[in-house]
Amino acid sequence: MGPYLRIRWFYMLSVMVFTCVADDVRLKRNTNANCEPRFTTIENHSACLNRSAQATQAGVTEQEKVDIVNLHNLLRSQVNPPATNMMKMSWDNDVALVAQKWAENCDIKHDGNYQRRIPARFSSGQNLAYGGAKLTWNSTVNLWHSEVSKFTYGGTSNSGVGHYTQVVWSSSIKVGCGYAYCSTSNTHYYVCNYSPGGNSVGAMPYKNGTSCQDCPSKCKNNLCDCNGLICENDGVMHIDKCTCSCSLGRPYYVGDTCSMNCSALTPDIPWCTNTITPSGCSKYSNVPYTCPNMCGVCNYDFNAQPLTITTEATTTTEKATTSKETTSTTTTTTLNLLNSRVSSSDTVTSGPMTSSVTPSSSSGTGPDRSRTLSIIFLALLVFWNFFSL
């Protein structure tokens with residue numbers, strides 16, 4: 001091999017190495033090294049995003065949190081026809097942390113269903129609103145709820161109602177919201193996440209009938225009130241008793257709320273390796289509960305102390321988005337609403353268990369694919385140089 005050929009080979013290999021390194025940097029550029037360890041188990045989790053330089057104001061005040069929860073519960077108590085199983089909603093700091101991080105990112109669209117998931121707890125739906133107008137949280141929530149005028153209970157052609165159905169989805173009983181003012185685009189951005197995720201296209205948001213029929217001894221103001229109890233990890237809530245059944249029967253789902261005990265983790269069932277692939281962790285909402293080892297739910301130092309995340313509290317309002325059909329509507333208040341409802345038609349079965357699943361909104365065109373294409377292109381370029389000499 002002559003000197004000229006050696007120089008050309010060295011140059012091409014250097015370009016390949018540089019490209020791979022640069023792509024790794026690009027993959028990580030928006031992640032925050034100080035994000036809470038459990039969120040690092042999901043690649044590009046919204047909780048690990050850095051705050052955008054555009055977000056000159058951000059945060060939700062304590063009073064706004066109270067207002068958000070109270071208005072949601074008022075609207076949930078007034079559904080027509082009445083609900084037999086409408087649960088009282090409460091604030092959740094984990095859900096709010098992820099919503100706030102997404103708002104501060106100033107990316108005006110839904111994040112991925114998997115990227116907003118609370119690891120080892122539950123999935124989340126989302127409502128978004130944004131625009132040049134600065135509104136109160138009450139005005140923002142009422143905008144979402146105003147879609148009730150287009151909703152028919154039991155109807156087969158309900159469309160453009162995903163924000164409303166998310167607000168009154170009976171089993172989504174935890175809410176957390178975030179706000180940011182994105183100065184470059186003069187946009188007030190409001191984000192509310194709801195857990196456990198629901199809001200499935202084609203399904204009704206609650207059971208209709210006599211108010212509180214399913215929870216007669218726990219009824220307050222037409223709502224089933226379990227004092228903030230939440231069943232995690234696909235646990236089943238018995239709203240008449242306010243208790244949880246850890247339906248998967250695994251030794252690592254423990255306590256009154258079926259919380260994850262990573263130190264008690266046992267091997268996944270054979271179905272996880274024989275039937276499903278790791279891509280199912282992000283595609284199907286029930287797979288991380290069923291296959292926590294394959295999905296890496298506990299792949300972090302769970303003895304590490306959680307970080308205390310603080311944000312600058314403001315009195316401004318934000319936009320919201322729901323995890324149902326993707327629509328974009330401009331209202332007369334110049335606030336835009338984004339809705340990303342999920343399909344309820346897909347199911348994944350493991351042995352005797354059949355669960356509805358929600359497909360991830362990720363498109364499969366992220367940094368990993370770009371890096372792979374870059375390497376293939378450069379490899380072809382190297383071979384072209386070799387055979388042209």
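1. A quick word on how the helix geometry works here: axes are lines fitted to C-alpha atoms, for helices over the stretch in contact, and angles run from 0 to 180 degrees between N-to-C directions. With that in hand, and bearing in mind that this is a predicted model, look at helix α2 (residues 62-77) and α4. Their axes are 9 Å apart and the packing angle is about 30°. Angles under 35 degrees count as roughly parallel, so α2 and α4 are roughly parallel to each other. The crossing of α2 past α4 is right-handed.

2. What meets what between these two helices? From α2 come Glu 64, Asp 67, Ile 68, Leu 71, His 72 and Leu 75; the α4 side has Trp 137, Asn 138, Val 141, Asn 142 and His 145.

3. Leu 75 deserves its own point. This residue sits in helix α2 and has a relative accessibility of 6%, so Leu 75 counts as buried. Setting aside neighbours within four places in sequence, Leu 75 is in contact with Val 141, Asn 142, His 145, Val 167 and Val 168. Between Leu 75 and Tyr 164 the C-alpha to C-alpha distance is 9.8 Å, for a sequence separation of 89 residues.

4. Tyr 164 also brings us to the rings, since ring pairs link Phe 151, Tyr 153, Tyr 164 and Tyr 206 into a cluster. Searching the whole structure turns up six aromatic pairs. One of them joins Phe 151 and Tyr 153: the ring centres are 6.4 Å apart and the planes stand at 85°, so this pair is edge-to-face. Are these two residues buried or exposed? Phe 151 is buried, at 11% relative accessible area, while Tyr 153, at 23% relative accessibility, counts as partly exposed.

5. Tyr 153 has a further partner in Tyr 206, and here the arrangement is tilted, with 5.1 Å centre to centre and 40° between the planes. This pair links distant parts of the chain, 53 residues apart: Tyr 153 lies in the loop between α4 (137-145) and α5 (162-167), and Tyr 206 in the loop between β6 (200-201) and β7 (219-220). The relative accessibility of Tyr 206 is 3%, so Tyr 206 counts as buried.

6. One last ring to check is Tyr 289, this time with a charge as its partner. The charged end of Arg 117 sits over the Tyr 289 ring, at 4.6 Å from the ring's centre.

Note on methods. Residues numbered from 1 in each chain as written. Predicted model: local features only at pLDDT ≥ 70, side-chain atom pairs only at ≥ 80, totals over all residues. Heavy atoms only, no water. Phe/Tyr/Trp six-rings, centres within 6.5 Å; stacked < 30°, edge-to-face > 60°. Buried < 20%, exposed > 50% of the residue type's maximum accessible area, 1.4 Å probe, protein only. Helix = DSSP H or I, 4+ residues; strand = E, 2+ residues; numbered from the N terminus. Lys NZ or Arg CZ within 6 Å of the ring centre and 35° of its normal. Parallel < 35°, antiparallel > 145°, perpendicular 65-115°, else oblique. Left-handed = near helix turned anticlockwise from the far one by under 90°. Contact = heavy atoms within 4.5 Å.
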